[in-house]
Amino acid sequence: MFEAIVLICMIGLPEINGNCEEVHDMRGPYATKQRCVMRVEEILRDLPKYRPYSYPKAYKCDKSITKNEELT
């Protein structure tokens with residue numbers, strides 16, 4: 001399973017911790033990395049609606065740990 005995470009920063013400000021933040025997808029996790037990347041593309045497309053003064057700096061599709069994996 002993969003979790004979509006996008007790093008966004010404020011336009012016109014230095015790229016430091018206080019001006020950038022990770023946005024974690026609330027719909028996932030996704031079964032494949034390809035589906036996770038597709039979700040990242042959706043987030044990037046909608047970013048101007050919700051964060052008009054931000055821009056995407058990076059993204060990642062992290063492998064998430066399921067409850068079953070934690071038990072083994």
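Contact here means heavy atoms within 4.5 Å. With that in hand, let's walk through this predicted model.

**Overall layout**

The chain has two helices and three strands, and going from the N terminus they come in the order β-β-α-β-α. Of its 72 residues, 26% are buried. If you look at contacts with a separation of 6 or more, 64% of them link residues 24 or more positions apart. The accessible surface is about 5400 Å², and carbon and sulfur atoms own 56% of that.

**Helix H1 and what sits over it**

Helix H1 (33–50) is a good place to start. Its 18 residues take it 25 Å from first C-alpha to last, close to the 26 Å expected at 1.5 Å a residue. There is a bend of about 30° at Leu44, with a proline, Pro48, following within four residues. On the buried side, H1 contributes Cys36, Arg39, Val40, Glu42, Ile43 and Leu47. Strand S1 and strand S3 (54–63) are among the elements that cover those buried residues.

**The nonpolar core**

In soluble globular proteins, nonpolar side chains tend to be buried together. Here the largest nonpolar core has 10 residues: Phe2, Ala4, Val6, Ile8, Tyr30, Cys36, Val40, Ile43, Leu47 and Cys61. Strand S1 (2–10) and H1 each put in at least two residues of this core. Take Val6 as an example: setting aside neighbours within four places in sequence, Val6 touches Val40, Ile43 and Leu44, and its list also includes Glu21, Glu22, Val23, Pro56, Ala58 and Tyr59.

**Three residues to click on**

The table puts three side by side.

| Residue | Where | Relative accessible area |
|---|---|---|
| Asp25 | loop between S2 and H1 | 9% |
| Ser54 | strand S3 | 12% |
| Glu21 | strand S2 | 37% |

Why does Asp25 count as buried? Its relative accessible area is 9%, and the cut-off for buried is under 20%. Asp25 lies in the loop between strand S2 (20–24) and H1. Leaving out residues up to four places away in sequence, Asp25 touches Ala4, Tyr30, Arg39 and Ile43; Ala4, Tyr30 and Ile43 are also listed in the core. The Asp25 side chain reaches the backbone nitrogen of Gly28 at 3.0 Å.

Gly28 turns up again in the peptide geometry. Most peptide bonds are trans. The one joining Gly28 and Pro29 is cis, with omega about 10°, and Pro29 belongs to the loop between S2 and H1.

Ser54 is in strand S3 and is buried because its relative accessible area is 12%, where buried means under 20%. Which residues does Ser54 touch, not counting those up to four places away in sequence? They are Ile8, Cys9, Met10, Ile11 and Leu47. Ile8 and Leu47 are also core members.

Is Glu21 buried or partly exposed? Glu21 counts as partly exposed because its relative accessibility is 37%, between the 20% and 50% limits. Glu21 and Val6 are 15 residues apart in sequence, with their C-alpha atoms 8.3 Å apart in space. Beyond residues up to four places away, Glu21 touches Val6, Leu7, Ile8 and Arg51. With Arg51 there is a side-chain to side-chain polar contact at 2.4 Å.

Terms used: Residues are numbered from 1 along each chain as its sequence is written. This is a predicted model: local features need pLDDT of at least 70, side-chain atom pairs count only at pLDDT 80 or more; totals for chains, interfaces and linings use all residues. Side-chain values use heavy atoms; hydrogens and water are left out. Buried means under 20% relative accessible area, exposed over 50%, partly exposed in between (1.4 Å probe, protein chains only). Accessible areas come from the Shrake-Rupley method with a 1.4 Å probe; for residues, only the protein chains shown count as cover. A polar contact is a pair of N or O atoms within 3.5 Å; within protein, one must be able to donate a hydrogen and the other to accept it, and residues adjacent in sequence count only if both atoms are side-chain atoms. A nonpolar core is a set of buried Ala, Val, Leu, Ile, Met, Phe, Trp, Tyr and Cys residues joined through side-chain atoms within 4.5 Å. The expected span of a helix is 1.5 Å times one less than its number of residues. The bend at a residue is the angle between axes fitted to the seven residues ending there and the seven starting there.
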